[in-house]
Amino acid sequence: MPPSFVAYIDESGDEGFVFQPDRRGSSRWFVLAAVVTRRSLDLDTVKLVDTLRTTLAWERRPLHFRKLKHEHRIPYVDLIAKARVRVLAVAVHKESIQEPETFQRRSVLYHYAARLLLERVCWCCRDHRRAAEGDGTAEIVFSNRASTSYGDLREYFALLNRKSEVGGAEIDWSVIDPAAVRSANHESMMGLQIADACASSFYYALQPTPHGFNEPRYAVMLRPVVYAHKGRRLGYGLKVWPREADAFVQHAPELAWLREAYP
């Protein structure tokens, strides 16, 4: 039987740790986001992007959220918020990481964020399984990055699988086959373009510009499709990591939207 779900994954922000007082240098936040759809509805992702192109009279080329103007981003996010998808995101506040030297090593931050994200993708898929609709698994597709070895990423997940018997990762291996995790180019799959829009939406909501402003509207608009477990989105559909970031989230004036929209 084919997989029941498809999860498209993309990121926004960088993995550097050079923070300058004027908010330049490395991004304070790194966001990894997934868009999960039933495989039987996967064609809807193509229709969504095609609808947007028609609405915006956008020439037929891949959509990159950061290249769109604000007035174009709003209808894009509105379409996603009305689609039959679930959105999940892991937001890493790098300045709160207690041992940054560990996460400065190549791919360590990306791998760990992917682990946290796939845990939640599994929970989402497990919550929404239907009898006789696929085999209950999720096809996992990462947006291809030149700096990432997806062979290494698959091996990382395989290692977590081998270690899962003694605790650690909360990935449900009945949902994900590490060997089947793959990557594809952004322009080749509409689902990846939607994942890019979701990752960027949360990034713009969290990351202040050099002038100290952030744009939470997109992230707030996405709330209806952000995965919730027993009514809770924070910690499930939206995970802020590390735990030491909680105090920052609770008191930062620019994150009032998070406290209000994702209590």
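# A walk around the model

Start by selecting Ala138, which counts as buried because its relative accessibility is 9%, below the 20% cut-off. Keep in mind as you go that this is a predicted model.

**Stop 1: around Ala138**

Colour residues 138-143 and you have strand E4, where Ala138 is found. Now show what surrounds Ala138: setting aside neighbours within four places in sequence, Ala138 is in contact with Pro3, Phe5, Cys125 and Val175. Add Arg38 to your selection too. Ala138 and Arg38 are 100 residues apart along the chain, yet their C-alpha atoms are separated by 8.8 Å.

**Stop 2: out to Gly25**

Next, jump to the loop between E1 and strand E2 (29-38), where Gly25 lies. Is Gly25 buried or exposed? Gly25 counts as exposed, because its relative accessibility is 53% and the cut-off is over 50%. Beyond its neighbours within four places in sequence, Gly25 is in contact with Val18 and Gln20. For a long view, draw a line from the C-alpha of Gly25 to that of Ser188: the two are separated by 31 Å, with their positions 163 residues apart along the chain.

**Stop 3: a charge inside**

Select helix H2 (residues 70-81) and pick out Arg73. Which side chain of opposite charge is nearest to Arg73? That is Glu215, 7.5 Å away, and Arg73 is buried yet has no salt bridge. Show the residues that Arg73 touches, not counting those up to four places away in sequence: Phe65, Arg66, Leu68, Tyr204 and Tyr218.

**Stop 4: the largest pocket**

Turn on a surface and select Lys239, Val240, Trp241, Pro242 and Arg243, which lie nearest the centre of the largest pocket. This pocket has a volume of about 470 Å³, and 22 residues line it. Helix H4 (108-127), strand E6 (238-241) and helix H8 (246-251) each supply at least two of the lining residues, and H4 gives the most, with five. Colour the lining by residue type and you get eight nonpolar, four polar and 10 charged residues.

While you are here, zoom in on Trp241 and Pro242. They are joined by a cis peptide bond, with omega at about 5 degrees. Pro242 itself is found in the loop between E6 and H8.

**Stop 5: the second largest pocket**

Now select Asp10, Glu11, His64, Arg66 and Asp196, which lie nearest the centre of the second largest pocket. You met Arg66 earlier, as one of the residues touched by Arg73. The volume here is about 250 Å³, and the lining has 14 residues. Strand E1 (5-13) and helix H6 (190-206) each bring at least two of them, with H6 giving the largest share, four residues. By type, the lining divides into two nonpolar, seven polar and five charged residues.

**Stop 6: two backbone oddities**

Finish with the backbone on either side of H4. Most residues other than glycine have a negative phi. Ser107, though not a glycine, has a positive phi of about 70 degrees. Look for Ser107 in the loop between helix H3 (100-103) and H4, where it counts as buried because its relative accessibility is 11%. Then go to the loop between H4 and E4 and select Ala132. Phi of Ala132 is also positive, near 65 degrees. Is Ala132 buried or exposed? Ala132 is exposed, with a relative accessible area of 76%.

Notes: Residues are numbered from 1 along each chain as its sequence is written. This is a predicted model: local features need pLDDT of at least 70, side-chain atom pairs count only at pLDDT 80 or more; totals for chains, interfaces and linings use all residues. Side-chain values use heavy atoms; hydrogens and water are left out. On a 1 Å grid over the protein atoms alone, a cavity is a set of points where a 1.4 Å probe fits but cannot get out, and a pocket is an open set with protein on both sides within 12 Å along at least five of seven lines; lining residues have an atom within 4 Å of a point. Grid points are joined across faces, edges and corners, and a volume is the space filled by probe spheres set on the points. Ala, Val, Leu, Ile, Met, Phe, Trp, Tyr, Cys and Pro count as nonpolar, Asp, Glu, Lys and Arg as charged, and the others, Gly among them, as polar. Buried means under 20% relative accessible area, exposed over 50%, partly exposed in between (1.4 Å probe, protein chains only). Contact means heavy atoms within 4.5 Å. Lys and Arg count as positive and Asp and Glu as negative; His and the chain ends are not counted. A salt bridge is a side-chain nitrogen of Lys or Arg within 4 Å of a carboxyl oxygen of Asp or Glu.
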